[in-house]
Protein chains: 2
Amino acid sequence: MTATETADTETAATEAAPATGTRDGIASQRIANSLRDAILSGVYSPGSRLRQEDIAEQFDASRLPVREALRSLQADGLVTIVANTGAWISRLSLAECREMYQIRERVEPLLLKYSQPMLTPADLAHLESLVHQMENAADVETFLRLDREFHMLTYSGADTLILGPTVERLWNSTQHYRRAFTKLQNPRGNSVIHHEHNLLVAALQRTDIEEAERVLFGHIRRTRLELERHPELFA
Amino acid sequence: MTATETADTETAATEAAPATGTRDGIASQRIANSLRDAILSGVYSPGSRLRQEDIAEQFDASRLPVREALRSLQADGLVTIVANTGAWISRLSLAECREMYQIRERVEPLLLKYSQPMLTPADLAHLESLVHQMENAADVETFLRLDREFHMLTYSGADTLILGPTVERLWNSTQHYRRAFTKLQNPRGNSVIHHEHNLLVAALQRTDIEEAERVLFGHIRRTRLELERHPELFA
DNA sequence: AATGCCATCATTGGATCCATTGATCCGACT
DNA sequence: AGTCGGATCAATGGATCCAATGATGGCATT
């Protein structure tokens with residue numbers, strides 16, 4: 001261990017530790033957030049190169065905050081960095097995507113269990129409205145936005161510091177493949193998803209959390225199985 | 001969206017993307033790994049300050065790779081960075097630790113399901129041996145090392161790119177509290193854990209994956225419930 | 001004497017410059 | 001003609017320097 005001599009002084013110090021607030025660098029965080037939004041909204045495709053200099057120029061900054069931003073995005077799994085070579089938008093294999101969905105199947109019901117008791121009647125009404133809007137969604141981007149809004153609203157009652165952000169990262173990592181898959185289908189043609197959403201809202205209205213968890217599990221699982229039938233979407 | 005004009009050129013480019021290998025910076029990665037080991041082995045305690053300059057001096061490098069290393073550790077949840085202020089070893093609240101354990105309860109059985117079919121008779125024999133060694137473990141550090149080795153061996157058959165690393169991060173984030181909790185107990189006094197480990201190995205030997213998953217779930221859950229009875233370990 | 005304000009200082013964030021690594025292209029050799 | 005090897009070039013990794021922010025201590029004032 002190389003960090004021995006300072007350790008005891010440090011452990012003794014325990015200076016006023018922050019409240020867990022992960023507020024971060026000014027420029028680097030701004031760049032990371034903008035890039036994240038760009039990636040999630042489909043501006044970049046998996047496999048495309050991210051040149052530090054180009055990004056630095058876009059944000060009118062030096063390459064240094066860009067490097068730190070890329071590091072953050074790598075942590076989110078959105079970017080893949082190879083030493084001395086460069087950064088690329090992460091490209092998931094079918095196997096990796098499958099794992100992510102299986103994690104979601106098991107973790108999101110837990111988040112729902114945290115959230116459900118705090119959902120208000122207004123939230124439930126809004127959920128019903130979102131289902132209707134999705135049934136009438138014309139284009140893919142609207143559909144995706146509403147779908148995310150729907151599920152995030154079901155989770156909005158959860159006051160969690162780990163679970164919520166974890167689920168959000170899982171959603172972000174698979175966002176591109178959700179878009180690609182949605183494009184394959186006629187958004188209004190696939191009515192199963194709307195039925196599932198309705199069942200979920202109904203269970204939440206009855207405060208039947210176990211049934212809600214089951215429906216959510218099945219919803220994610222069915223999506224995964226359908227996704228697995230389209231290996232052409234992957235590398 | 002600020003990154004529009006280069007997007008189309010980038011999406012078209014799709015230059016040879018790397019194989020998902022997250023190999024990384026030479027110095028920054030070395031620093032990150034060393035710091036990670038130091039944190040996990042208990043050299044630093046939660047809440048202790050990490051000064052960039054001190055670390056840079058320890059590793060005979062400039063502050064720049066240290067900053068990137070801290071960023072990586074922040075991504076792992078081991079370090080908390082506050083803008084313009086500094087970095088601290090992450091301090092989990094009881095609620096956060098509880099969430100992590102609940103995630104583990106649901107995710108680790110899935111990883112076990114991936115691993116079980118690939119476990120060899122030699123692996124199973126080694127697992128039995130580890131249980132015996134744990135029963136005779138004299139000190140806390142040995143106990144912790146064997147416990148980690150045992151569980152990681154049960155997962156060693158899993159060829160996963162997402163799940164495995166995810167579980168490892170969950171273990172790392174809670175390592176300090178596992179140590180603190182273990183110290184409270186007489187390592188040899190608590191025989192429940194050894195019974196659970198034996199049940200797990202037995203189920204794996206019978207290739208009864210469902211029972212193995214149940215035992216593992218209960219094992220993690222029981223640990224969580226006992227941990228929750230010791231709020232004095234947290235901030 | 002206690003408290004609030006101000007100045008100094010320590011520490012982090014960012015920019016520029018240099019070193020190093022990896023990729024591409026051309027030429028020579030088989 | 002094809003392939004292997006080397007040289008050039010582009011892009012990343014790291015070091016040093018400068019700016020800005022937060023913290024600490026002393027001083028004055030009430």
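In this predicted model, the helix α2(B) contributes the most to the surface near DNA strand D, supplying three residues. Other elements take part as well: β1 (49–50) and α4 (63–76) of chain A, together with α2 (26–40) and α4 (63–75) of chain B, each supply at least two residues of that surface. DNA strand D is surrounded by 19 residues, and the closest of these are Arg63(A), Arg67(A), Asn84(A), Ala27(B) and Ser62(B). Of the atoms of DNA strand D that come within 4 Å of the protein, 70% belong to sugar and phosphate. With respect to residue character, the surface near DNA strand D is made up of seven nonpolar, eight polar and four charged residues.

Individual contacts with DNA strand D involve both its backbone and its bases, as three side chains illustrate. In chain A, an N or O atom in the side chain of Gln52(A) lies 3.1 Å from a phosphate oxygen of the strand, whereas the side chain of Arg67(A) places an N or O atom 2.9 Å from a base nitrogen. In chain B, the side chain of Ser62(B) has an N or O atom 2.9 Å from a phosphate oxygen of DNA strand D.

Apart from the DNA, the structure holds two aromatic pairs over all chains. In chain A, Tyr177(A) and Phe234(A) form a stacked pair, with 4.9 Å from centre to centre and 10° between the planes. Because Tyr177(A) belongs to helix α8 (residues 163–184) of chain A and Phe234(A) to the segment after α10 (209–228) of chain A, the pair ties together parts that are 57 residues apart in sequence. Both Tyr177(A) and Phe234(A) are buried.

In chain B, the ring centres of Tyr177(B) and Phe234(B) are 4.9 Å apart and their planes meet at 10°, so this pair is stacked, given that planes under 30 degrees apart count as such. Here, too, distant parts of the chain are linked, since Tyr177(B) is found in helix α8 (residues 163–184) of chain B and Phe234(B) in the segment after α10 (209–228) of chain B, 57 residues apart. Tyr177(B), with a relative accessible area of 3%, is buried, and Phe234(B) also counts as buried at 10% relative accessibility, because the term applies under 20%.

Charged groups are also placed over aromatic rings. The charged end of Arg49(A) sits over the ring of Trp88(A), 5.0 Å from the ring centre, and in chain B the charged end of Arg104(B) sits over the ring of Tyr101(B), 5.0 Å from its centre.

Definitions and conventions
Residues numbered from 1 in each chain as written. Chains lettered and ligands numbered in written order. Predicted model: local features only at pLDDT ≥ 70, side-chain atom pairs only at ≥ 80, totals over all residues. Heavy atoms only, no water. Phe/Tyr/Trp six-rings, centres within 6.5 Å; stacked < 30°, edge-to-face > 60°. Helix = DSSP H or I, 4+ residues; strand = E, 2+ residues; numbered from the N terminus. Buried < 20%, exposed > 50% of the residue type's maximum accessible area, 1.4 Å probe, protein only. Lys NZ or Arg CZ within 6 Å of the ring centre and 35° of its normal. Near = heavy atom within 4 Å. Polar contact = N/O pair within 3.5 Å; in protein donor to acceptor, adjacent residues only side chain to side chain. Nonpolar A, V, L, I, M, F, W, Y, C, P; charged D, E, K, R; others polar.
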